[in-house]
Amino acid sequence: MFIDTHAHLTDKAFAGREEEILQNAKDCLVEKVITSGFDLASSKEAIDFARKHDGVYASIGFYPEFVQDYTVETEEKLKNLAKDKKVVAIGEIGLQYTDGMPERELQKEVFLKQLNLVYQLEKPVVLHCRDAYGDMIKLLKGNKDLLVFGGTFHCFSGSHEIAIEAIKLGFYISIGGVSTFKNATNVREVLKNVPLERMLLETDCPYLAPHPYRGKINEPKYIPTIAENLAVLKGVDVETVAKITTENARRLFKI
Ligand code: NI
């Protein structure tokens, strides 16, 4: 079996098709899915969805784009939401230094506040990082004490050096559809040197469908496609990829 460790099942792309999407996943041996929020409202939706469906869990937090909404009040609300048994992680949270995003200092400040929350709540963290790996590693290294419950770099796209640093810090590296893209040779080179014991599988659906479905609506059912690609890259069979990545996800998220 497989676990999709990062999806957005409450996205409007799936509206009205949720049951079908989950059945498709089961038919492809994807038996557990962690659906992720990105602000307070979507975190609530993720929990509601998880409560209604066996095998679905929630991850909650404020994504870099929405850090302006992180206040004393919303933090308190997030803490309360995290008490739900279906909440298995805090995330996706992190840093994104692309145009149009909130200023870097605010992103770092809110990221650090949420890392404190991760520690208080005794949950693993799901990291989002884009064009900000230097600051991300610096912040994580400076706050190792807050990371005792582990975590993962969702949709990893960093360099070999960053992967080594992430693993040293005890993180997992999550592999999604990007690793199958024809032009993603750099990502594949990096993954060759990451042990399977440090990897998780994810779709990040509805975004980033793997090759040959690139551009279509992504779904958890494509996890085996990502796993097959990884199996070829690592020179093992797909069952080995399934077994090890599932054990990793179970260990990290306690599911
Ligand atoms: Ni995501």
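Ala89 is buried in this predicted model, and its relative accessible area comes out at 0%. Buried here means under 20%, so Ala89 falls within that class. If you'd like to find the residue on your screens, look in strand β4, which covers residues 87–96.

What does Ala89 touch, once we leave aside its neighbours within four places in sequence? The contacts are Ala58, Ser59, Ile60, Lys123, Pro124, Val126 and Phe253. Let me add one distance for you: the C-alpha atoms of Ala89 and Gly61 are 8.8 Å apart, although 28 residues separate the two along the chain.

Now let's stay with β4 and turn to the pockets. The largest pocket has a volume of about 610 Å³. Of its 25 lining residues, Tyr63, Glu92, His128, Asp204 and Tyr207 are the closest to the centre. Strand β4 supplies at least two residues of that lining, and so do α2 (40–52) and β5 (125–130), each on its own account. Sorted by class, the lining has ten nonpolar, eight polar and seven charged residues.

The second largest pocket holds about 150 Å³ of space. Which elements each give at least two residues to its lining? They are β4, again, and α9 (238–253). Among the lining residues you'll find Val87, Val88, Lys123, Pro124 and Phe253. Three of those names may ring a bell: Lys123, Pro124 and Phe253 are also in contact with Ala89. By class, this second lining has seven nonpolar and four charged residues, with no polar ones.

So that's our tour, from Ala89 in β4 to the two pockets that β4 helps to line. Thanks for listening, everyone!

How values were computed: Residues numbered from 1 in each chain as written. Predicted model: local features only at pLDDT ≥ 70, side-chain atom pairs only at ≥ 80, totals over all residues. Heavy atoms only, no water. Helix = DSSP H or I, 4+ residues; strand = E, 2+ residues; numbered from the N terminus. Buried < 20%, exposed > 50% of the residue type's maximum accessible area, 1.4 Å probe, protein only. Contact = heavy atoms within 4.5 Å. 1 Å grid on protein atoms, 1.4 Å probe; cavity = no way out; pocket = protein on both sides within 12 Å on 5 of 7 lines; lining within 4 Å. Points joined across faces, edges and corners; volume = space filled by probe spheres on them. Nonpolar A, V, L, I, M, F, W, Y, C, P; charged D, E, K, R; others polar.
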